[in-house]
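Trainee: Could you take me through a close look at one helix, and then show me how its surroundings fit together? I would enjoy a connected account rather than a list.

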Amino acid sequence: MSKAVRMITVVFASAFLFAAGCAEKPKAGDEGMAPGSEAGKGPGAGVGETGLGDVPKSVEESAALKDIHFDFDKSVITDVSKETLKTNAEWLKKNGAQKIQVEGHCDERGTNEYNLALGDRRASAAKNYLVLLGIDAKRVSTVSYGEEKPLCNQQTEDCWAKNRRGHFVVVTK
Amino acid sequence: MKTYAGLHRTTIAFLVFVGVMAVFASEASAKVYLDINNPGGRRLPIAVPSFIVLEGTDPAGAASEMAAVIAGDLKFSGFFEPVPAEKFIEDPRKKALTREEIHFPDWTAVGAEALIKGGIRLAGPRMEIEIRLFDAVQGRMIVGKKYTGEIRDARRIAHRFSNEVFKAFTGEDGIFETQIAFVRREKDHSQIFIADYDGANAAPVLSGKEINLKPRWHPDGKRLAYTSYKRRNPDLYEVDVASGREKLLSGYTGLNLGGAWSPKGDSIALTLSRDGNSEIYLLDPLAGSLSRLTQHSAIDVSPAWSPDGSRIAFVSDRSGSPQIYVMDASGENVRRITFEGSYNTSPAWSPRGDKIAFTARRGGAFQIAVVNPDGTDLKILTNNGASHEDPTWSPDGRYLSFSSRRNGRHQINIMPAQPGIAPLAITSKGTNLTPAWSPRRP
């Protein structure tokens, strides 16, 4: 979507919210509602709407933030991962203005759609643990990549273990 | 009994580029040749010799390609066994196309009980093809058709005649003109492709270089729902296949996955994690309104509609491992239907309603299994050393497509939905995943 189109969508969405309200009220600051049909048709017949959540537009890698790892088909934070998350939380406390995103990843075994749900759960588990350590939940977003972004491409236990990870990136926009 | 139904049709759905010029006169009969409900039964031996070039030159080899496509379709169907060409004894220079011209003992002598004969006239990019199906034993024509089109339509026309043959012998419509959408994973992105059901004519649907996942057909066969990361979040989109026009269907923060259109096309079952955990919702794509079907702290994912729209199969790990469940389309009456194994995912409800296919992990490998919607009669269909995932049914509910990994890479395969049959790979380039078999198009 081009910037101009996005702008139009946002403006139109706001107008729509005022004019008509929405079918299911979005949580404040979390999700807005935007029309699914093209702008320009005008409100009324044919107007649809869909959730358009707030997501980071760009992120960058940070050497200070370390990956955590998971067992096969599990999203439990292991004791080793807890130590890593404490280190990552320290970084967040020292860099109070920064926001991060946790990416949940899986190994290639199993079906893609289930792995996307599993990756989502892993990212949420990592986020929840950071919140438990005192980090403001608003500073930590999550995204699942399932098995779609492997670090390692061999079919070995070592490689699969590397791919089952929570990866942390810094939100830049 | 329904047979030779194709002969009595007076109107034929035309493609823009393929016209059926004439239906030759024929002797219809009430004989049913093949028992469609006994797919493991005897295969009918059929000869499909290379078509005969009657006029013009055939540099692209359309004459032999069309015969090969028809033989391939019929062999794949499980109901026919093409007679190998090296057995043929008819003089290939003999231009025998009609009942009067064909010496049928040349064909019965090599074991053929049915025979397909085609002739092509080529002129520039255009061609005219006449194809006839014969009962070789009785020396009678069963179906005759004349088609016109461009040379590049050769495969399409061949598939169309395969449908005629299938209909004539079984009384049911064939699936040889359907397509399969799938994901091709590249180094740093993945793309939605559509190919003919046999893998030919594979082409990308979208132009972007994002991660695009899990295509699912709208029941009109013109649109696909899919999940794309173009906004750095797994959002659900639809694309009109002919125009390539995309539209956002659902962009909530978190997962927007697996857009399964209801059989009527008025509702989309999908997975959202907007409430902190993956749950299954129904989205009304026009109103944008959501209703939540599952309420559980476990993973709930991969909704698949029953063909009558009354129930939805899905995956949940609420028991501690991912298993297949069935619920009413209202979200009520949730019942677990798989109890064997610790990993059962990606349900696909047969268009016939009687089976649910899914991915079953057995001994470290993944297999394609089917089970009745009430959980009875579980059967593993694949068992050939490879790993298989993500089944999708052909619109007649007789065949399955899925991805299979042999020698490292996943490829799209097709197979009759019965145990003990070797799957047929229809892709060979790159890594190909998550097929979705198209509906039949009018």
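Mentor: Happy to. Let's begin with helix H2 of chain A, residues 79-94: its 16 residues should span 22 Å at 1.5 Å a residue, and the end C-alpha atoms lie 23 Å apart, which agrees. Bear in mind throughout that this is a predicted model.

Now look at which residues of H2(A) are hidden. The buried ones are A:Ser81, A:Thr84, A:Leu85, A:Asn88, A:Ala89, A:Trp91 and A:Leu92. Around the axis they cover an arc of only 155°, which means that they sit on the same side of H2(A). The other side of H2(A) has A:Asp79 and A:Lys94, both exposed. As for the cover over the buried residues, it includes strands S4 (68-69), S5 (99-105) and S7 (165-171) of chain A, together with helix H3 of that chain.

That brings us to H3(A), residues 112-132. From first C-alpha to last, this helix of 21 residues reaches 30 Å, close to the 30 Å expected at 1.5 Å a residue. Of its 21 residues, 16 are buried, so H3(A) is largely enclosed by the rest of the structure. After the helix comes A:Gly134, with a positive phi near 100°.

It helps to place both helices in their chain. Chain A holds 4 helices and 7 strands, and along the sequence they follow the pattern α-β-β-β-β-α-β-α-β-α-β. Of the 173 residues in chain A, 49% are buried. If you take the contacts in chain A between residues at least 6 apart in sequence, 69% of them join residues at least 24 apart.

H3(A) also leads us over to the partner chain. The helix lies across strands S19 and S20 (311-316) of chain B, and runs at about 150° to S19(B). Those two strands belong to an open sheet of 4 strands in chain B, ordered S19-S20-S21-S22 with antiparallel pairing. Its edges are S19(B), residues 300-305, and S22(B), residues 335-336, each of which pairs on one side only. Strand S21(B), residues 323-328, pairs with S22(B) in the antiparallel sense over 2 bridges; B:Val326 has B:Arg335 of S22(B) as its bridge partner. In general, strands of a sheet pair through backbone hydrogen bonds, either parallel or antiparallel.

Elsewhere in chain B there is a hairpin to compare with. Strand S6(B), residues 126-135, runs antiparallel to S7(B) and is joined to it by 10 bridges, with B:Glu130 opposite B:Lys146 of S7(B). There are 4 residues between the two strands of this hairpin, and B:Gly139 takes a positive phi near 65°. S7(B), residues 140-150, has 10 of its 11 residues buried, so this strand is largely enclosed by the rest of the structure.

Finally, a word on confidence. The predictor gives the complex an ipTM of 0.89 and a pTM of 0.87. Chain B has a mean pLDDT of 91, with 92% of its residues at 70 or more. Two stretches of chain B deserve your caution: pLDDT stays under 50 over residues 1-17, where the model has 42 contacts beyond four places in sequence. Over residues 25-30 of chain B the pLDDT is also below 50, and this stretch has 15 contacts in the model beyond near neighbours in sequence.

Definitions and conventions: Residues numbered from 1 in each chain as written. Chains lettered and ligands numbered in written order. Predicted model: local features only at pLDDT ≥ 70, side-chain atom pairs only at ≥ 80, totals over all residues. Heavy atoms only, no water. Pairing = 2+ DSSP bridges. Contact = heavy atoms within 4.5 Å. Axes fitted to C-alpha atoms, helices over the stretch in contact; angles between N-to-C directions. Expected span 1.5 Å × (residues − 1). Buried < 20%, exposed > 50% of the residue type's maximum accessible area, 1.4 Å probe, protein only. Arc of directions from axis to C-beta. pLDDT = per-residue confidence, 0-100.
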